[in-house]
Amino acid sequence: LVLAVGPRLQDFTTGSWALFKAEGVRIVGLNVLPFDAGKHGALPLVADAKAGLEALEQKLGSWKAPESWLSTAHAAKADWMKAAKAVTDPTNALPSDAQVIGAVHRARGSKAILVCASGGLPGELHKLWPAGAPGSYHLDYGYSTMGYEIAGGLGVKIARPDDDVIVMLGDGSYMMLNSEIATSVMLGKKLTIVVLDNRGFGCINRLQMATGGANFNNLLKDAEHEVLPEIDFAAHAASMGAAARKVASIAELEHALKEAEADTRTSVIVIDTDPLVSTEAGGHWWDVAVPEVSERPSVNAAREEYERKRQMQQLVN
């Protein structure tokens, strides 16, 4: 039995309908919208999340999951925490998104409210960020809304003025919408913004490679150019009134994050990251179609793999 509280049951949350493999699996869709509550053959429970869970608890009475199930869940969680630590621990090389996530958490902890929206970060954060309390993890998964992050973070800070609000985003999303840095300074609503600069759209570049394509037009070095951009994000943020820092390592990032706690205005910290590294553990398949016909062997091989993985898809009845 899968109890789905609030989701739209789209491809991210279902592994493109390859995630639920058990025979006889059923879904209870607890949602305020009947359209979403009844998706994919779910037994719909149309209610506010808290009210719906309270009603289910009353019906369950004294029933509890078997101890063997709980033991399996605790063991799996312990194994995952070891795997997560392995990818978030510091490095001396150009860091991955996961290693930046580890640094932010070590420096500021689960007490912070984390805001993000697009690129490869949501996929890394939902696996690797240990949220400390309800409402402390704020991500827009819906349409990978590039540019939402800083404006969304300002909204969170307005709603929760006494909390430590940390915004994480990539250089591509920063370039799409950054002007609310100036607004946050003007309003005295301090944010801590961590910009991961991989010089392009690293997430889409990895997806391009995974579907057999050649690197094209996503990383700046692979795009048509006469001069490669050298954007000084720290200087740009400082021009809008932020306290801005560029760091050269994970150790410097942790130090800067601790320093930024004492800042009285929005802080922007920039770090260069590796565009090609992502965390394989804990992920699942995403149905991104590959061309059926191509002259390139890498595309044909990717198509064969795509057809194989499509066999994993099953709708829940």
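In the predicted model, Phe216 makes contact with Asn205, Gln208 and Asp222, when residues up to four places away in sequence are left out of account. Phe216 itself lies in the loop that runs between α10 (202-210) and α11 (233-239). One of its contact partners, Asn205, stands 11 residues from Phe216 along the chain, and the C-alpha atoms of these two residues are 7.6 Å apart. Despite these contacts with Asn205, Gln208 and Asp222, Phe216 has a relative accessibility of 54% and is therefore classed as exposed, since the exposed class begins over 50%.

Two further loop residues were examined for their backbone geometry. Leu9, which is placed in the loop between β1 (2-5) and α1 (11-14), has a phi angle near 55°, and this value is positive although the residue is not glycine. The relative accessibility of Leu9 is 7%, so that this residue counts as buried, the limit for that class being under 20%.

A positive phi angle, near 60°, is also found at Arg199, again a residue other than glycine. Arg199 occupies the loop that connects β7 (192-197) with α10, the helix that spans residues 202-210 and precedes the loop holding Phe216. With a relative accessibility of 36%, Arg199 is assigned to the partly exposed class, because this value falls between the limits of under 20% for buried and over 50% for exposed residues.

Conventions. Residues are numbered from 1 along each chain as its sequence is written. This is a predicted model: local features need pLDDT of at least 70, side-chain atom pairs count only at pLDDT 80 or more; totals for chains, interfaces and linings use all residues. Side-chain values use heavy atoms; hydrogens and water are left out. Helices (H or I, at least four residues) and strands (E, at least two) are DSSP runs, numbered from the N terminus. Buried means under 20% relative accessible area, exposed over 50%, partly exposed in between (1.4 Å probe, protein chains only). Contact means heavy atoms within 4.5 Å.
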